[in-house]
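Thanks for coming, everyone. I'll walk through one model this morning. Please have it up on your screens.

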Amino acid sequence: MIEDPVLAQEWLPVCLSAELKEQLLKVTVAGEYVVVFRSEGGVHALKDVCVHRGAPLSLGKRKGDCIVCPYHGWEYDRGGQCVKIPQLDPARVIPPKAHTQAFGCEERYGLVWVRLLRSDGRFPIYPEVESGALRLHATMGPYGVKAAAPRLIENFLDVSHLAFLHEGYLGAPEHPYISDHDVHWIDGRGVSDDILIMQPNGDGRGREVQYRYVYEILSPVCVKFTKTDTETGDVVSIQLCVQPNEERRSAAYFLVTSNFDVDTQAFVSYQELIFKQDVEVLENQKPEELPLDLQLEMHLRSDRISIAYRSYLKERGVRWGVIYG
Ligand code: FES
Ligand SMILES: [Fe+2]
């Protein structure tokens, strides 16, 4: 059931491309049960409910571009239309009502994405990967987290925790101050000013580096940062895309990119270590939902990006994983 029409209009990651092979895969996205499958025609997503007796189609079989329901064998094409009812006299026409909902489905950056409701909303493109300026080294995930999607996103955008929660890696308590910055809205994307951060070991290579960070808000559940080594010009950029499974249960995927060669396995392990530190806090924050009324928590100037994100969710009218007051 679609519980948040705003989130339902966004492209949401549902699994790694590599996970989706021959099988039918049941996924949960924004409270909706969806079956995704791959055929020669690409990737497809249908509501995981047969209109006959409500059996999950994901327990059935794939037949070419169609899914055969496990219960009585009705066959659905990739558009959700039932194209065969074995028990129906072949002379009779299949009633048009015999269809299940088909959702938008795309494959990109090593992920399968689903959009539950049609909209003008744009796909969260990674322009630097498209242009070749940055190389996508790994698509990491899914990392299941018992927390609301906006909590995960805000954590990723939170600059001032780096020196404490990630002490020794992404910051040092001796450098707690965050240079003044703002967020500017350009063509629907929130883009921060440059923020300078000294990091003792900011990319797993064990070197102290001063980075220039830029954060971007691409959608309510998709954000990224790009950090540039102020001396060498090395760039690391990571995009976080969250699959909101249930209101307080999410899966995180990271698109890891850079403009230099990396030891991918070492970089992934480093990123996992950092994220593990975040998850411990994320799964225990109170309230579980992100408070959008700015009076409900305390905010400093250094929380500018979080404030911009909360205001954006409010303006967009997101309902899932947030509280309004
Ligand atoms: S429940 Fe699917 S064919 Fe009967
Ligand atoms: Fe963090």
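Let's start inside. Leaving aside neighbours within four places in sequence, E154 is in contact with L290, S306, Y309 and R310. Keep in mind that this is a predicted model. So where does E154 sit? It lies in helix 3. Is E154 buried or exposed? Buried, because its relative accessible area is 8%, and the cut-off for buried is under 20%.

Now take the whole of helix 3. It runs over residues 149-157, and nine of the nine are buried, so the helix is largely enclosed by the rest of the structure. The buried residues include A149, P150 and R151 at the start of the list. N155, F156 and L157 are also among them.

Next, the metal. Which atoms hold the iron ion, ligand 2? The donors are NE2 of H161, NE2 of H166, and two OD contacts from D278. The distances run from 2.1 to 2.4 Å. In sequence, the donor residues of this iron ion are spaced H-x4-H-x111-D. The pair H161 and D278 links distant parts of the chain, 117 residues apart. H161 is in the loop between helix 3 and helix 4, residues 162-165. D278 is in helix 5, residues 264-282. Both H161 and D278 are buried.

What is the geometry of that site? Irregular. The angles among the four donor atoms span 57 to 152°. That rules out tetrahedral, because a tetrahedral call needs all angles between 85 and 135 degrees.

Let's move to the annotation. UniProt, in an unreviewed entry, lists residues 11-114 as "domain: Rieske". In the model, that span is 0% helix and 44% strand. Its end C-alpha atoms lie 5 Å apart.

On to a sheet. Four strands form an open sheet in the order 5-6-7-8, with antiparallel pairing. Which strands are at the edges? Strand 5, at 61-63, and strand 8, at 82-84; each pairs on one side only. Strand 5 pairs with strand 6, residues 66-68, in the antiparallel sense, over three bridges. One bridge to look at: R62 has I67 of strand 6 as its partner.

Just before that sheet comes a proline. P56 is in the loop between strand 4, residues 42-47, and strand 5. P56 is partly exposed, with a relative accessible area of 24%. What does it touch, leaving aside neighbours within four places in sequence? K26, D48 and P70. P56 and P70 are 14 residues apart along the chain, and their C-alpha atoms are separated by 7.9 Å.

Compare another proline. P96 is in the loop between strand 8 and strand 9, residues 102-108. P96 is exposed, at 64% relative accessible area. From P96 to G321 is 225 residues in sequence and 37 Å in space, C-alpha to C-alpha.

Now the backbone. Most residues other than glycine have a negative phi, and most peptide bonds are trans. Here are some exceptions. The peptide bond joining G141 and P142 is cis, with omega about -5°. P142 is in strand 11, residues 135-145. The bond from K286 to P287 is cis as well, with omega near -10°. P287 is in the loop between helix 5 and strand 19, residues 290-291.

Then positive phi. A30 is not a glycine, yet its phi is about 50°. It is in the loop between strand 2, residues 25-29, and strand 3, residues 32-39. D187 has a phi near 55°, again positive and again not glycine. D187 is in the loop between strand 12, residues 183-186, and strand 13, residues 189-192. Which is buried and which exposed? A30 is buried, with a relative accessible area of 2%. D187 is exposed, at 58%.

Last, the whole chain. How many helices and strands are there? Six helices and 20 strands. Buried residues make up 51% of the 325. Take contacts between residues at least 6 apart in sequence: 57% of them join residues at least 24 apart. The C-alpha atoms fill a box of roughly 80 × 45 × 35 Å along the principal axes. The radius of gyration is 22 Å, which agrees with the value near 20 Å for a compact globule of 325 residues.

Methods: Residues are numbered from 1 along each chain as its sequence is written. Chains are lettered from A and ligands numbered from 1 in the order in which they are written. This is a predicted model: local features need pLDDT of at least 70, side-chain atom pairs count only at pLDDT 80 or more; totals for chains, interfaces and linings use all residues. Side-chain values use heavy atoms; hydrogens and water are left out. Two strands pair if DSSP finds at least two bridges between them. Helices (H or I, at least four residues) and strands (E, at least two) are DSSP runs, numbered from the N terminus. Buried means under 20% relative accessible area, exposed over 50%, partly exposed in between (1.4 Å probe, protein chains only). Contact means heavy atoms within 4.5 Å. UniProt positions are given in the numbering used here, feature names are shortened, and annotations may be inferred rather than shown by experiment. Donors are N, O and S atoms within 2.8 Å of the metal (3.2 Å for Na, K and Ca); water is not among the atoms, so sites may look incomplete. Four donors count as tetrahedral if all angles lie between 85 and 135 degrees; four count as square planar and six as octahedral if opposite donors are over 155 degrees apart and all others between 65 and 115; anything else is irregular. The radius of gyration is taken over C-alpha atoms; the globule rule is 2.2 Å times the number of residues to the power 0.38.
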